[in-house]
Amino acid sequence: MPGTVLEGGESVEIAIIGGGIVGVILAVGLLRRNVKVRVFEQAQGFREIGAGIAFTANAIRCMEQIDPAIVTALRTSGSVPTSDGNEDDPNDYLRWIDGYNQLREDDPYYQRMLYKIDAGYRGFEGCRRDQFLEALVKVVPPGVIECKKRLEKIEEQEQEKKISLKFVDGTMVEVDAVIGCDGIKSRVREIILGGGNPASYPHYTHKVAYRTLIPMDEAIKALDDYKAKNQHIHIGPNAHLIHYPVAGRKMINATAFVSDPNPWPNDKQMVAPGSREDIETAFAGWNPCVRNVVNLFPKKLDKWAVFDLWDYPAPYYNKGRICLAGDAAHASSPHHGAGACTGVEDALCLVTLLKQVNLSVQESGLSKRKALSLAFETFNAIRRTRSQWLVNSSRRVCDFYHQPEWANPAKWVKAETCFEELKDRSYKIWHFDYEGMIKETLKGYADREAG
Ligand code: FAD
């Protein structure tokens with residue numbers, strides 16, 4: 001198994017289920033700390049979609065702590081700040097703009113800037129998911145990641161025995177511990193919490209998303225130079241449109257979100273065929289800038305039902321030597337743009353713990369089973385409330401964006417009272433004290449180890 005054997009003893013052997021962004025980042029961090037790890041991914045290969053993703057400066061600092069090679073992979077995959085900073089003001093901002101109203105007869109494209117929050121220098125960096133994952137996978141030595149391995153069962157033997165993993169192809173693997181990074185439809189979560197438990201499955205948030213990438217020159221024609229080159233969230237009644245530059249500023253990533261009062265027909269299938277007409281209808285009567293962008297979406301495109309884990313949050317992320325991280329633990333709707341960032345924080349917590357586990361096993365003679373269970377118990381205590389807060393907060397901010405009041409000038413002042421809260425919520429994500437988390441993690445584990 002890859003991962004160097006430490007002087008003084010063998011490393012624990014970890015299986016990560018799922019080779020998404022969080023699973024691969026975690027594997028890189030474990031290898032750097034000489035923890036033996038294998039990643040089992042159900043897909044044939046790495047198949048992230050070509051949509052964009054943005055990381056906060058704080059999440060990028062966490063990546064740096066996990067392994068600086070992750071930040072290099074991000075930057076070589078074409079990540080760019082989401083604002084087109086200049087010498088006068090190089091910072092990134094979140095910008096909310098009135099997407100609905102047409103306020104000036106002489107300039108129908110005019111949009112009222114509603115609110116702006118300063119995220120600091122390179123406060124966000126946006127990239128294409130497929131390009132980032134591809135660069136990330138190159139950091140991992142050959143043999144660590146195995147594709148076409150869909151987890152079916154986990155059998156935990158009594159006491160000091162290994163855990164057996166059974167895959168759909170009939171093969172088995174034995175390891176000391178399992179970390180489920182298998183995303184929103186996690187099989188590991190279902191195994192930990194039990195089949196039939198509503199917390200084992202995601203639920204519909206009553207929002208649908210349509211995503212596309214648009215060449216920058218076309219985006220400039222649709223929006224204007226400034227708006228195209230800088231992140232904006234166009235808000236209005238029952239829908240919003242977000243975009244930011246990606247791919248070295250050659251494209252913008254654009255996503256339209258629409259409220260849907262109806263139930264989603266199929267809980268197992270979160271993507272359905274959609275068309276540009278769906279979003280044209282949702283954004284009919286909006287500001288012409290927004291309608292111009294909508295016209296640049298492909299005629300046929302996927303309609304993504306937004307599911308999350310908010311209705312029934314997981315009561316715990318750990319069971320013995322099995323643990324959940326990333327979306328498997330706390331899949332969120334994407335309105336804070338921070339689901340993956342929170343998964344990166346999880347990875348930092350876990351690499352800190354598993355390094356300590358190896359030390360306990362090799363130096364204090366603690367059994368692998370005991371040390372791993374204590375580590376995952378600590379992870380649950382440190383990470384669960386913050387990550388579940390994100391799921392809750394993301395739903396709340398989308399409700400702010402979709403307030404019907406945006407269509408009624410007499411209610412604008414009321415609608416705008418949301419921004420102070422949006423600022424506080426954003427700051428809680430951006431200014432997370434990850435150094436404090438590392439200290440708390442080490443103390444939590446040491447206290448448990450001491451009994
Ligand atoms: P995933 O990326 O879902 O990976 C899970 C992996 O596990 C997959 O490769 C899957 O094939 C594999 N798997 C599943 N089941 C099994 C099994 N049984 N056996 C083996 N393998 C299995 N977050 C941000 O931080 N910033 C953003 O800007 C942002 N924008 C977003 C926009 C949208 C529209 C959406 C929907 C989400 C956005 N997010 C964003 C959230 C982010 O995409 C997720 O939080 C992140 O991708 C989760 O990564 P993960 O590795 O935990 O899970």
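**Exercise 1. Work out whether Arg-112 is buried or exposed, then find its salt-bridge partner and say what the pair ties together.**

Step 1. Let's start with the accessibility of Arg-112 in this predicted model. Its relative accessible area is 18%. The cut-off for buried is under 20%, so Arg-112 counts as buried.

Step 2. Now look for the partner. The side chain of Arg-112 meets that of Glu-416 in a salt bridge, with 2.8 Å from N to O.

Step 3. Where do the two residues sit? Glu-416 belongs to helix 13 (residues 412-416), while Arg-112 is in the loop between strand 5 (91-98) and strand 6 (113-121), so this pair ties together parts that are 304 residues apart in sequence.

Step 4. Check the other end as well. Glu-416 has a relative accessible area of 28%, which makes it partly exposed.

**Exercise 2. Do the same for Glu-156 and Arg-321: give the N to O distance of their salt bridge, place both residues, and sort them by accessibility.**

Step 1. The side chains of Glu-156 and Arg-321 form a salt bridge at 3.4 Å, N to O.

Step 2. Glu-156 is part of strand 9 (residues 151-156), and Arg-321 is in the loop between strand 19 (318-319) and strand 20 (322-324), so the bridge links parts that are 165 residues apart in sequence.

Step 3. Time to sort them. Arg-321 has 1% relative accessibility and is buried. Glu-156, at 38%, is partly exposed.

**Exercise 3. Find out how many helical turns separate Lys-423 and Glu-420, and how accessible each one is.**

Step 1. Here's another salt bridge: the side chains of Lys-423 and Glu-420 meet at 3.7 Å, N to O.

Step 2. Both residues are in helix 14 (residues 418-430), three residues apart, so about one helical turn separates them.

Step 3. Lys-423 is partly exposed at 21% relative accessibility. Glu-420 is partly exposed too, with 45%.

Step 4. Salt bridges can also share partners. One network built that way joins Glu-10, Glu-13, Lys-36, Lys-162, Asp-176 and Lys-368. The count for the protein comes to 28 salt bridges.

**Exercise 4. Describe the surroundings of Leu-136, then those of Trp-310.**

Step 1. Leu-136 is in helix 4 (residues 129-137). Its relative accessible area is 0%, so Leu-136 is buried.

Step 2. What does Leu-136 touch, once residues up to four places away in sequence are left out? The answer is Ile-21, Val-24, Ile-25, Ile-70 and Ala-73.

Step 3. Try a distance too: the C-alpha atoms of Leu-136 and Glu-218 are 30 Å apart in space, and the two residues are 82 apart in sequence.

Step 4. Now for Trp-310, which you'll find in the loop between strand 18 (300-308) and strand 19. With a relative accessible area of 28%, Trp-310 is partly exposed.

Step 5. Leaving out neighbours within four places in sequence, Trp-310 is in contact with Gln-388, Val-391, Asn-392 and Arg-395. The C-alpha of Met-172, which is 138 residues from Trp-310 along the chain, is separated from that of Trp-310 by 33 Å.

**Exercise 5. Locate Asp-224 and Arg-249, and give the phi of each.**

Step 1. Asp-224 lies in the loop between helix 6 (216-223) and helix 7 (225-229). Its phi is near 120 degrees, a positive value in a residue other than glycine.

Step 2. Arg-249 isn't a glycine either, yet its phi is positive, about 70 degrees. Look for Arg-249 in the loop between strand 15 (239-246) and strand 16 (251-259).

Step 3. For accessibility, Asp-224 is partly exposed at 34%, and Arg-249 is partly exposed at 21%.

**Exercise 6. Why can you call this protein as compact as a globular protein of its length?**

Step 1. Take stock of the elements: the protein has 15 helices and 20 strands.

Step 2. Its radius of gyration is 23 Å, close to the 22 Å that the globule rule gives for 451 residues, so the protein is as compact as a globular protein of that length.

Step 3. Add the dimensions: the C-alpha trace spans about 75 × 50 × 40 Å along its principal axes.

Step 4. Next comes burial. Of the 451 residues, 56% are buried.

Step 5. Finish with contacts. Among those with a separation of 6 or more, 75% are between residues 24 or more positions apart.

Methods. Residues numbered from 1 in each chain as written. Predicted model: local features only at pLDDT ≥ 70, side-chain atom pairs only at ≥ 80, totals over all residues. Heavy atoms only, no water. Helix = DSSP H or I, 4+ residues; strand = E, 2+ residues; numbered from the N terminus. Rg over C-alpha atoms; globule rule 2.2 N^0.38 Å. Buried < 20%, exposed > 50% of the residue type's maximum accessible area, 1.4 Å probe, protein only. Contact = heavy atoms within 4.5 Å. Salt bridge = Lys/Arg side-chain N within 4 Å of Asp/Glu carboxyl O.
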